[in-house]
Amino acid sequence: MMTMSLLIFGATTGHTAPVPGGTLDPTTIPKYVQPLVIPPVMPPSSVQPTDPTTGQPTSVNARYNISVRQFRQQILPGGIWNTVNDRNDQFGATTLWSYGPDEDKPAPGYVAPAPLGTPGATFNYPAFTVENNSNAPTTVRWINGLVDEQGNYLPHLFKVDQTLHWANPTNAGCANAAKIPQTDCRTSNPAPYTGPVPIVTHVHGAHVNAESDGYPEAWWLPAANNIPVGYASRGTIYTQNDITTAGNISTVMTPNEFNPIPGSAFYSYENTQPATTLWYHDHSLGMTRLNVYAGPAGFWLIRGGAYDSAKARRGPAVLPGPAPVLGAGDPNFDPAYRKTIREIPIVIQDRSFNADGSLFYPESRQFFDGFAGPYVGDPQGQGSDIAPIWNPEAFFNTMVVNGTTWPEMSTAPAKYRFRLLNGCNSRFINLAMFVANPDGTLGAEIPFYQIGGDQGFLPRVVQVKTGFATALKGKGKLPGRLTPLPDPSQALLMAPAERADVIVDFSGLPDGTVVRMINTAPDAPFGGFPDIPADPGTTGQVMQFRVNSANLVAADALTTSPLALRLKAEPKNRAKVVRKRRLTLNEEESAQVCVRILPDGTPVTVQTFPTPNPNIAADCAAINAVPQAPKAALLGGIGKNRLLPGKPYVGIPMLWSDPITENPQVGDTELWDFYNLTVDGHPIHMHLVRFQVKGRQLFNQAHPRFRKIGRKMKPLPTERGYKDTVLAYPGEITQVKATFDLPGLYVWHCHIVEHEDNEMMRPYYVGAKPVGFPVP
Ligand SMILES: [Cu+2]
């Protein structure tokens with residue numbers, strides 16, 4: 001059942017050529033001509049919106065009033081960059097969305113980035129960094145500002161597939177007619193949605209109350225002039241206050257008592273967690289892939305607390321710094337300030353463009369595998385169960401780092417701290433740094449010293465270089481033997497949404513030395529090494545650094561060698577485990593369409609059943625065909641197939657709409673075992689909790705009891721801190737341990753956002769679960 005995707009993916013990958021995309025050939029984009037943008041700090045709001053009913057300032061002020069808006073940005077070479085690099089590139093600006101302070105509204109014609117102080121310049125992709133302190137609450141009024149100059153709503157930049165289980169603000173057309181209210185459902189309408197765009201913001205990795213977590217059905221529309229009659233302005237669970245004390249969903253939406261501003265939500269983050277690197281992005285049901293691809297994402301850093309320091313062999317240690325500080329200068333357009341910065345968050349994303357600079361995202365399933373239908377909702381009753389627009393994965397041909405393509409950064413011969421984030425939709429990245437010789441070949445490798453992961457410091461600094469990840473003892477030198485990674489081609493491997501807090505030491509490199517960050521994960525779904533690396537001419541390159549001693553500052557002499565660092569990491573979670581859950585990752589094939597696969601991998605439909613056929617596999621086989629796949633990816637549990645002798649174990653895939661099955665009580669500590677029954681790796685993200693990876697275990701999927709194979713494998717040295725996203729390899733059980741300490745409704749999901757959007761996400765509830773929750 002899972003072999004189909006191998007054939008499909010094999011058809012479009014495995015070449016040393018750019019992956020297909022828009023009309024802009026990525027090989028025509030000059031590399032390393034734009035500077036790395038250093039995201040400045042998000043300024044707190046100086047004014048609060050006015051309550052439209054009273055005309056008075058709102059009764060509860062937010063520290064930040066952050067809008068999502070549409071504007072243009074020079075991601076490609078040209079525009080403002082020509083004034084910085086003395087070039088004359090003519091690539092167009094890109095229309096996109098991102099976050100910024102509501103009161104700093106960009107003027108029409110604004111093109112990011114711009115020097116700080118320019119009206120609207122706080123709007124940038126990626127968004128400015130929200131700085132937080134451990135245990136100090138942060139309040140944000142998130143505002144949907146996707147409206148035009150006249151206050152009318154802006155439609156989506158990309159084609160929204162209404163046949164997935166999605167937000168559905170139309171409030172109508174649900175395939176499940178019993179659903180009340182009629183949002184957050186699957187429809188049979190194959191046409192792309194062109195109405196106002198729902199948003200809901202999630203701070204990834206936040207230990208946060210459920211109401212402020214950004215539940216996928218907690219979305220809201222902009223307060224636009226022209227919202228069509230009958231549309232819902234909010235999702236089913238805009239606020240969890242809508243769960244009545246009787247434990248039922250109220251069908252009357254209660255106003256968010258703290259927030260009278262239409263088109264927004266008021267969220268409060270307790271930040272009750274150690275210092276770490278989080279990020280914020282959209283999480284709307286069934287359209288996260290499109291909303292995130294359009295741009296809105298930024299870093300959310302937590303500093304201070306008990307676990308934000310390090311020691312050296314003698315006395316306190318000094319980590320590379322500073323990061324940009326609010327009001328201290330412009331890290332991008334003030335060279336004197338810029339050269340002092342030593343701590344930089346870096347988000348790596350793949351994108352494709354059209355010749356006019358616009359973003360490209362696939363508009364049909366046909367783009368993915370050539371499948372020409374029938375699709376859900378095809379006319380004359382000849383439909384199927386394959387979504388017409390959704391692509392099972394999406395890979396792009398251009399690397400965008402902090403919002404510019406293939407940037408270069410002028411660095412001092414000194415130590416830097418980079419907070420790396422894989423912000424790609426589907427792409428895994430395998431990073432390594434090498435001196436780039438003038439002839440284009442790669443020379444010596446410059447290692448990463450990883451000090452932190454998703455959720456704070458690692459217990460030990462880990463030196464990561466190709467083939468090795470060695471935990472250091474802080475004695476000022478490397479051990480005699482490095483610790484090999486499972487495969488010699490593995491380096492700093494990051495699944496989508498994972499973070500790596502690293503130190504890179506450029507000390508001693510001569511002026512003019514170029515250090516290039518390369519990526520050798522595949523231009524295709526990742527299932528483990530070895531694999532075919534990304535196209536070395538495009539997505540195989542990420543960014544580069546050019547050493548210049550004119551950037552040195554006096555403080556550079558004070559930073560501690562990463563070899564001598566002893567990190568103060570949070571102790572392990574030793575709480576008693578009260579429950580172990582066996583969960584599965586599943587891929588689903590069509591129950592209606594039989595296809596034959598052409599030698600080039602294209603599926604050609606040979607038979608379509610008018611309704612789902614429980615014997616699809618056998619019936620397709622009888623005509624020398626296979627069910628079309630994948631149809632969706634699903635999470636679920638394990639059950640027994642009672643129709644077969646011996647009642648062998650099978651994955652029981654569950655839909656977003658199925659009843660909640662994961663319901664820990666408040667304070668429970670649990671082990672979650674993810675059995676990956678698919679052929680691909682999936683980054684599994686749990687909201688609310690900070691988990692520990694306990695290990696991985698091969699198992700035999702064909703065995704009637706999923707018998708384990710060999711020994712349990714320990715987590716990598718880079719996975720020994722707390723995490724919130726874990727790579728679950730195919731054919732393995734990946735085990736995590738977490739304590740569920742806040743009540744309410746959360747989600748766990750795959751962070752390949754194309755999967756997340758089509759059923760690879762499940763609600764879970766901590767504490768006493770309300771009756772009939774959520775609404776099916
Ligand atoms: Cu997935």
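Which residues coordinate the copper ion, and at what distances? I looked this up before anything else and found H682 (ND1), C750 (SG) and H755 (ND1) as donors, at 2.0 to 2.1 Å. I note that donors are N, O and S atoms within 2.8 Å of the metal (3.2 Å for Na, K and Ca), and that sites may look incomplete, since water is not among the atoms.

Before going on I wrote down that this is a predicted model, in which local features need pLDDT of at least 70 and side-chain atom pairs count only at pLDDT 80 or more, while totals for chains, interfaces and linings use all residues. I also noted that residues are numbered from 1 along each chain as its sequence is written, and that side-chain values use heavy atoms, with hydrogens and water left out.

**Copper site**

I read the sequence spacing of the donor residues of the copper ion as H-x67-C-x4-H. I then checked two of the donors for exposure, using buried for under 20% relative accessible area, exposed for over 50% and partly exposed for in between, with a 1.4 Å probe and protein chains only. C750 has a relative accessible area of 0% and so is buried, and H755 is also counted as buried, at 3%.

I looked in the UniProt record, where an unreviewed entry lists residues 661–767 as "domain: Plastocyanin-like"; positions there are given in the numbering used here, feature names are shortened, and annotations may be inferred rather than shown by experiment. Over residues 661–767 I find 5% helix and 50% strand, with the end C-alpha atoms 13 Å apart. For these elements I keep to DSSP runs numbered from the N terminus, with helices being H or I of at least four residues and strands being E of at least two.

I also looked up E759, which sits in the loop between helix 7 (753–757) and strand 40 (761–766) and is buried, with a relative accessible area of 5%. From E759 to A414 I noted 46 Å, C-alpha to C-alpha, across 345 residues of sequence.

**Second largest pocket**

I next turned to the second largest pocket, which holds about 600 Å³ of space. The search runs on a 1 Å grid over the protein atoms alone, and a pocket is an open set of points where a 1.4 Å probe fits, with protein on both sides within 12 Å along at least five of seven lines; lining residues have an atom within 4 Å of a point. Grid points are joined across faces, edges and corners, and the volume is the space filled by probe spheres set on the points.

I find 31 residues in the lining, with P486, Q490, R696, L716 and E719 lying nearest the centre of the pocket. Strand 22 (492–494) and strand 23 (499–505) are the elements that give two or more residues to this lining, and strand 22 provides the largest share, three residues. I sorted the lining by class into 17 nonpolar, five polar and nine charged residues, where Ala, Val, Leu, Ile, Met, Phe, Trp, Tyr, Cys and Pro count as nonpolar, Asp, Glu, Lys and Arg as charged, and the others, Gly among them, as polar.

Why does the pocket lie between domain 2 and domain 3? I put this down to the lining, because domain 2 (398–567) and domain 3 (579–589 + 629–766) both give residues to it; the domain bounds come from an automatic or database domain assignment.

**Backbone entries**

I kept in mind that most residues other than glycine have a negative phi, and that most peptide bonds are trans. I found a cis peptide bond from A112 to P113, with omega near -10°, and another joining Y125 and P126, with omega about 0°. I place P113 in the loop between strand 3 (111–112) and strand 4 (127–133), and P126 in the loop between strand 3 and strand 4.

Is N402 buried or exposed? I find N402 buried, with a relative accessible area of 0%, in the loop between strand 13 (398–401) and strand 14 (404–405), and its phi is positive at about 50° although it is not a glycine. N624, also not a glycine, has a positive phi of about 60°; I place N624 in the loop between helix 6 (616–622) and strand 30 (626–627), and at 62% relative accessibility N624 counts as exposed.
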